[in-house]
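Morning, everyone. Please have the sequence and the model open while I talk. I'll go through it piece by piece.

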Amino acid sequence: MSKSDRIRVRLVDVARAAGVSKTTVSDALNGAGRLPAATREHVQKVARSLGYRPNATARLLRRGHTRLLGVAVREYVETPWVYAELAYFGTIVSAITQTALAHGYGIVLLPTSGPDDCWLDMPLDGVFVIDPVEGDPMVGDFLAAGVPVVSDRRALAEAASEARESGRWVDFDNDGAVRQVLDHLEAAGAERIAIVTAATTACFYQQSVGTYQDWCAERGREPRVAYVPGPSLRHALNSVEEQLNAADPPDALFTLVEINPALLLDAIRKLGRSVPDDLLLVCTTEDPTAPYADPPISTLSYLPGETAEAAVSLLVDSIEGREGDQGRLLFADFQIRASSTAPGRRAGRRG
């Protein structure tokens, strides 16, 4: 087999060679849209000359539904990783599976990385793309192929120019959630609040860090941001240790990445710090052990169960031709516990 035989020609390659959009290529090859005959013939000729092979999803969707929904997590796309190992993603995948089954659909977990648009070979009725990176091609590729997508509003807006469909969205009030945590820590006496975030362009992290930096600027405080380079517990703990070993260490820590509560508290104690006596702590996590740690950990929850229900409902409405909502805005749940409550103050709940 020659090298040219092994290289897969993509929809975008045909579009570039033909000088048209991916949507035009999709319409021309699928007999859809209102294209001039000359344009349709030109695209088909270019596709044949390049050896383009239509994707399996588009072929199967033309024949009828497969009753399979794809789920993809796109925070880190450089290397493969098992996102279901993290508490939030494990919980949301389980919730999506349960909700999809109730609607009569199965779930396919899509790879985090691979050859360009390899996901289009999978026979899917619709796709939920979680935490797409900036300019993520996955959302645009599926929409251009006519596959319904649910993702965040930024990703859908970025894909709009190439898509035949607009997609539907699930989003959170990230600004409000971050400010709620920071205001709580400030009220508890914290003056040097550090955050631990992921080194990714996913909207959740970018918006959350931006809000934190704005909040610091409004108070004349120096931002303290530690970036976790990959989806690894060791990377996350290293970033925490980096903050706490600084010459002027923080008196409060707010983690945006998933970290096991017990291991985090152990790492903090080994560095000679005590929660909450000299370090207040809030974790963004779905780890069920957080309320039972010593001390109990204050958590910011991004509601994986509610997110899954909203995303699957929106996808099924789109697949089955119902109007329904175009999107859902959800609000994170902040549970205040002893880890972020200064001695002498009583813990409570805000959400």
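**A buried threonine, then the rest**

Let's start with Thr 255, which is buried, at a relative accessible area of 0%. Keep in mind that this is a predicted model. Thr 255 belongs to strand S8, residues 252-255. What does Thr 255 touch, beyond residues up to four places away in sequence? Val 196, Leu 264, Val 282, Cys 283 and Thr 284.

Now the overall counts. The protein chain has 13 helices and 13 strands. Of its 351 residues, 52% are buried. Take the contacts between residues at least 6 apart in sequence: 67% of them join residues at least 24 apart.

Next, the sheet. Six strands form an open sheet, in the order S2-S1-S3-S4-S5-S11, and the pairing is parallel. Which strands are at the edges? S2, residues 106-109, and S11, residues 327-330; each pairs on one side only. From one strand to the next, the twist averages 15°.

Go inside that sheet. S1 covers residues 68-73 and S3 covers residues 126-130. The two run parallel, joined by five bridges. Leu 69 stands opposite Gly 126 in S3.

Helices pack here too. H7 packs on the sheet and touches S1, S3 and S4, the strand at 149-151. The direction of H7 makes about 155° with that of S4. H13 lies across S1, S3, S4, S5 and S11. Relative to S5, H13 runs at about 165°.

There is another parallel pair to look at. S6, residues 193-198, pairs with S7 in the parallel sense over five bridges. Ile 195 has Val 225 in S7 as its bridge partner. S7 spans residues 224-228, and its side chains alternate. Arg 224, Ala 226 and Val 228 point to one face and are buried. Val 225 and Tyr 227 point to the other face and are not buried. So note Arg 224: this arginine is on the buried side of the strand.

On to helix H2, residues 11-18. Its buried residues are Leu 11, Val 12, Val 14, Ala 15 and Ala 18. Why do we say they line one face of the helix? Because, seen down the axis of H2, they fall within an arc of 160°. What do these buried residues pack against? Three helices: H3 at 22-30, H4 at 37-50 and H7 at 137-144. H7 is the helix that also packs on the sheet. Right after H2 comes Gly 19, with a positive phi near 75°.

Now the aromatics. A pair of rings is described by the distance of the centres and the angle of the planes. With centres required to lie within 6.5 Å, the count comes to four aromatic pairs. Take Phe 172 and Tyr 302. Their ring centres are 5.0 Å apart and their planes are at 70°, so this pair is edge-to-face. Phe 172 lies in S5, residues 168-172. Tyr 302 is in the loop between S10, 298-301, and H13, 304-319. The pair therefore ties together parts that are 130 residues apart in sequence. Both Phe 172 and Tyr 302 are buried.

Tyr 302 has another partner, Phe 204. Here the centres are 4.9 Å apart and the planes are at 70°, so this pair is edge-to-face as well. Phe 204 sits in H10, residues 203-219, so the pair ties together parts 98 residues apart in sequence. How buried are the two? Phe 204 has a relative accessible area of 13%, and Tyr 302 has 7%. Both count as buried because each is under the 20% cut-off. Ring pairs link Phe 172, Phe 204, Tyr 205 and Tyr 302 into a cluster.

Two arginines also sit over rings. The charged end of Arg 67 is over the ring of Tyr 105, 4.2 Å from its centre. Arg 153 lies over the face of Trp 169, at 4.4 Å from the ring centre.

Last stop, Ser 94. Ser 94 is in helix H6, residues 87-102. Buried, exposed or partly exposed? Partly exposed, at 45% relative accessibility. Along the chain, Ser 94 and Ala 308 are 214 residues apart. Their C-alpha atoms are separated by 8.8 Å.

That's the tour. Questions, please.

Notes:
Residues numbered from 1 in each chain as written. Predicted model: local features only at pLDDT ≥ 70, side-chain atom pairs only at ≥ 80, totals over all residues. Heavy atoms only, no water. Phe/Tyr/Trp six-rings, centres within 6.5 Å; stacked < 30°, edge-to-face > 60°. Helix = DSSP H or I, 4+ residues; strand = E, 2+ residues; numbered from the N terminus. Buried < 20%, exposed > 50% of the residue type's maximum accessible area, 1.4 Å probe, protein only. Lys NZ or Arg CZ within 6 Å of the ring centre and 35° of its normal. Arc of directions from axis to C-beta. Contact = heavy atoms within 4.5 Å. Pairing = 2+ DSSP bridges. Axes fitted to C-alpha atoms, helices over the stretch in contact; angles between N-to-C directions.
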